[in-house]
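Biologist: I have not looked at this one before. Can you put it up and walk me through it?

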Amino acid sequence: MDFFQYRQNRLMAEQCAVADIARQFGTPLYIYSRATLERHWHAFDKAFGDHPHLICFAVKSNPNIAILNVMAKLGSGFDIVSQGELERVLAAGGEAGKVVFSGVAKTEREIARALDVGIRCFNVESVSELKTINRIAGEKGKIAPISLRVNPDVDAKTHPYISTGLKENKFGISVDEASAVYRLAAELPHIEICGMDCHIGSQLTELQPFLDATDRVLVLMRQLKQDGIELRHLDLGGGLGVSYRNETPPHPTEYTTALLQKLQAYPDLEIILEPGRAITANAGILLSKVEYLKSNESRNFAIVDAGMNDMIRPALYQAYMEIIEVDRTLARRPALYDIVGPICETSDFLGKQRELAIAEGDLIAQRSAGAYGASMSSNYNSRPRTAEVMVDGEQAHLIKRRETYPELWQLEQMLP
Ligand code: LLP
């Protein structure tokens, strides 16, 4: 459930008319709803009840500091994958002590910075990384808190590009090797073993792969206990899907209830989740203006002012994202359109074969655009990155201004 609904056939973002926001800030434009973000975060947090837990928002899904600040005010933790994300969290008022650091290629500089600010845990993805963390912690006279990212070899049944828990994927340490790596970690003087983590993929629409992965890591946890290695937390990653069209992913409560059932024997084991998409996707829309309509023998095209540089998901994953009219009071004849952008690539589309009642100059909104939209945007075709707005009740706040043209080349320089 989100707060982008029609009121008398005009699309609203909470209490603000989307058309008014477009008039004020221009298009293309990302619009987020604070109430939706908060509602989704609470859905995860409340579902755990008294069981020890920490919701670590996956920053990569939407790293705008206003979003991170909303999360920080809720008491959220953060899942990061780079120093850039760490610096954003700190700039947004997030607590270092609630940050878990994932990612296969943490550099020495990133590890050093994370140790300096005192993050909650490194989610370690290889033996070499473990040794590097141990060495850097030693040089600093610190003890590094770690978890091993275990690859449970479970098919997440999602798009192959966003599946991460299979043997053929680059992520984590295989279940078979994990015990030996934990034993090594236990011997390293500057390492403190805190937990175990896994993340099997993104946009999962079924519970079973999550539960299978949980079973596998629990077996491993029990083996470790026999070896005298006790874990304080289990981090099951992110990945819960959302409904872009007619998928029916489990509700966060359904997911956590099923998890807690499996964890009855572990009342003190803290559970960490790293949801990104489930919090941000339906809390955002990408607004654009129809510049031109044109037709040939086989297709009608609606050419809009947002392109694949603003939203790459359809081009990259053939992702379906719903597209709707902003003003349904206008008298327009519905037709089937390919919604395409201004970029010189055939893959530059927001959606294909969509029935829309639109004319040139009208506004359309691509729904579920709050996750992996702005965060994956680029300047391709020298297009300034779009502005971003967050609505909070009756107020629409600019949370990122539109880039200017000189900013496109401000880091560049000509030869002397
Ligand atoms: N934790 C780890 C270690 C991850 O790699 C990811 C996502 C998450 C948490 C958050 O997953 P979520 O809850 O958002 O599914 N760009 C793609 C999605 C890539 C996800 C990468 N990892 C897309 O637009 O569909």
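Modeller: Here it is, and keep in mind that this is a predicted model. A good place to begin is the shell around the ligand, which draws at least three residues from each of domain 1 (4-32 + 281-407) and domain 2 (34-279).

Biologist: Which residues come nearest to the ligand?

Modeller: S202, G238, G276, R277 and Y372 come nearest, out of the 21 residues around the ligand. The elements that give two or more residues to that shell are α10 and α11 (313-317).

Biologist: And what is the shell like by class?

Modeller: The shell around the ligand has 10 polar, 7 nonpolar and 4 charged residues.

Biologist: Where does UniProt place the "binding site" feature?

Modeller: The UniProt entry, which is unreviewed, puts that feature at G239, E274, P275, G276, R277 and Y372.

Biologist: Take E274. Where does E274 lie?

Modeller: E274 is in the loop between β13 (270-273) and α10 (277-280). The loop between β13 and α10 also holds G276.

Biologist: Is E274 buried or exposed?

Modeller: E274 is buried, because 26 other C-beta atoms lie within 10 Å, and 20 or more is the mark for buried.

Biologist: What does E274 touch?

Modeller: Not counting residues up to four places away in sequence, E274 touches C56, A58, D79, H199, D235, G237 and G238.

Biologist: Same two questions for G276: buried or exposed, and in contact with what?

Modeller: G276 counts as buried, because it has 25 C-beta neighbours inside 10 Å. Its contacts, leaving aside neighbours within four places in sequence, are F57, A58, K60, S61, G238 and A371.

Biologist: Back to the domains. How far apart are the C-alpha centres of domain 1 and domain 2?

Modeller: Those centres lie 32 Å apart. The contact takes 22 residues from domain 1 and 20 residues from domain 2.

Biologist: Which elements give two or more residues on the domain 1 side?

Modeller: On the side of domain 1 that touches domain 2, those elements are β20 (387-392) and β21 (395-400). β20 supplies the largest share of that side, 4 residues. By class, that side of domain 1 has 13 nonpolar, 4 polar and 5 charged residues.

Biologist: Now some strands. How do β14 and β15 run?

Modeller: Strand β14 (residues 284-295) and strand β15 (residues 300-304) run antiparallel, joined by 5 bridges. A hairpin of 4 residues links β14 to β15. In this pairing, Y292 stands opposite I303 in β15.

Biologist: What about β15 and β17, parallel or antiparallel?

Modeller: β15 pairs with strand β17 (residues 335-340) in the parallel sense, over 3 bridges. There, F301 has D338 in β17 as its bridge partner.

Biologist: How far is D338 from E355?

Modeller: The two are 9.0 Å apart in space, C-alpha to C-alpha, and 17 residues apart in sequence. E355 itself is found in strand β18 (residues 349-356).

Biologist: Is E355 buried or exposed, and why?

Modeller: E355 counts as exposed because it has 9 C-beta neighbours inside 10 Å, and the cut-off for exposed is 12 or fewer.

Biologist: And which residues is E355 in contact with?

Modeller: P334 and L336, leaving aside neighbours within four places in sequence.

Methods. Residues are numbered from 1 along each chain as its sequence is written. This is a predicted model: local features need pLDDT of at least 70, side-chain atom pairs count only at pLDDT 80 or more; totals for chains, interfaces and linings use all residues. UniProt positions are given in the numbering used here, feature names are shortened, and annotations may be inferred rather than shown by experiment. Two residues are in contact if their C-beta atoms, placed from the backbone, lie within 7 Å. Domain bounds come from an automatic or database domain assignment. Ala, Val, Leu, Ile, Met, Phe, Trp, Tyr, Cys and Pro count as nonpolar, Asp, Glu, Lys and Arg as charged, and the others, Gly among them, as polar. A residue is near a molecule or strand if its C-beta atom, placed from the backbone, lies within 6 Å of it. Two strands pair if DSSP finds at least two bridges between them.
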